[in-house]
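Work through the two exercises below with the sequence and the coordinates open beside you, and try each task before reading its solution.

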Amino acid sequence: MSNDLALELTSVGKSFGKGSAVVKDINLRIAKGQVVALIGSSGSGKTTILQIAGLLDKPTLGTVTIDGVNCTKASNKYKTHIRRSFLSFVYQFHYLLQELSILENIMLPQLIAGKSKTEAIRSAQTILEKFGMENKASSMISEISGGERQRVAIARSIVNSPRLLLADEPTGNLDPTNSLNVFLLLHSYVKENDSSMLIVTHNHLLAEKADCTLQLKDGLLVKL
Ligand SMILES: Nc1ncnc2c1ncn2[C@@H]1O[C@H](COP(=O)(O)OP(=O)(O)OP(=O)(O)O)[C@@H](O)[C@H]1O
Ligand SMILES: [Mg+2]
């Protein structure tokens, strides 16, 4: 049943302007509960695929189906709804708000999604405890380490319980121990919640821990 798939890209191609295709004939299916790693050299089109999968960019060819619904020609309103309710992006650099405390950074997406302040505080505290950072709740971003910042970014990206995580080198600027920790936090979120993840990584040790690893080469996906 197509609804067992969180994400399906069918014959997706993308060119920018009059340039040649960056990716061509991409076919990708991510089932609920599945972690898929995406590797490929710089400029091979990994971010492009994530942007298309996350409805931030349109494919030149092909279709993007999310949770069983073909979103290729959907209205902007529907795309925004899917982006807010179903998806979450995780980036290499955390984009946390410096003027807010750690707790407030994790509350913010919940308030945007319409949760009450009490509820947002409670969920933020629960997730900080889970991540071993409850004693840093009132710290400012400038007062915590790079690895801790990335953990806060992960907490923020999963606090609204997304069904599909699109992670673009989320461990790219971390040392091996922190990389593994951050990857395992994302991985266990997916497995415990029957969510799904497409994760771009240059780290082969992490890619091996995914359920499936795909390599982007010459605009096409190759299963490893
Ligand atoms: N908006 C754009 N306009 C024109 N060309 C673009 C645009 N976005 C990406 N490209 C080109 O598409 C190609 C793939 O870019 P992309 O960012 O997807 O690569 P990547 O695999 O994520 O690389 P990296 O590992 O360095 O992040 C590059 O050649 C890039 O210059
Ligand atoms: Mg990229």
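The exercises that follow concern a predicted model, and they treat a ligand site and then a pair of helices.

**Exercise 1.** Determine which residues surround ligand 1, and identify the side chains that place an N or O atom close to one of the oxygen atoms of ligand 1.

*Solution.* Begin with the shell, which is made up of Phe16, Val22, Ser41, Ser42, Gly43, Ser44, Gly45, Lys46, Thr47, Thr48, Glu169 and His202. Next, sort these residues by character, which gives 2 nonpolar, 8 polar and 2 charged. Then ask which helix gives the most to the shell: this is helix 1, residues 46-53, with 3 residues. Now turn to the side chains, where serine 42 has an N or O atom 2.6 Å from an oxygen atom of ligand 1, and threonine 48 likewise has one at 2.6 Å from an oxygen atom of the ligand. For threonine 47, the distance from a polar side-chain atom to an oxygen atom of ligand 1 is 2.8 Å. Finally, consider the surface of ligand 1, which exposes 640 Å² when taken alone, 54% of which is buried by the protein.

**Exercise 2.** Describe how helix 3 and helix 5 are arranged, giving the angle between their axes and the handedness of the crossing.

*Solution.* First locate the elements, helix 3 at residues 102-112 and helix 5 at residues 146-158, whose axes come within 8 Å and cross at roughly 25°. Because angles under 35 degrees count as roughly parallel, helix 3 is roughly parallel to helix 5. To complete the description, add the handedness, since helix 3 passes helix 5 in a right-handed crossing.

Technical notes. Residues are numbered from 1 along each chain as its sequence is written. Chains are lettered from A and ligands numbered from 1 in the order in which they are written. This is a predicted model: local features need pLDDT of at least 70, side-chain atom pairs count only at pLDDT 80 or more; totals for chains, interfaces and linings use all residues. Side-chain values use heavy atoms; hydrogens and water are left out. A residue is near a molecule or strand if one of its heavy atoms lies within 4 Å of it. A polar contact is a pair of N or O atoms within 3.5 Å; within protein, one must be able to donate a hydrogen and the other to accept it, and residues adjacent in sequence count only if both atoms are side-chain atoms. Accessible areas come from the Shrake-Rupley method with a 1.4 Å probe; for residues, only the protein chains shown count as cover. Helices (H or I, at least four residues) and strands (E, at least two) are DSSP runs, numbered from the N terminus. Ala, Val, Leu, Ile, Met, Phe, Trp, Tyr, Cys and Pro count as nonpolar, Asp, Glu, Lys and Arg as charged, and the others, Gly among them, as polar. Axes are lines fitted to C-alpha atoms, for helices over the stretch in contact, and angles run from 0 to 180 degrees between N-to-C directions. Angles under 35 degrees count as roughly parallel, over 145 as roughly antiparallel, 65 to 115 as roughly perpendicular and the rest as oblique. A crossing is left-handed if the near helix is turned anticlockwise from the far one by less than a right angle, and right-handed if clockwise.
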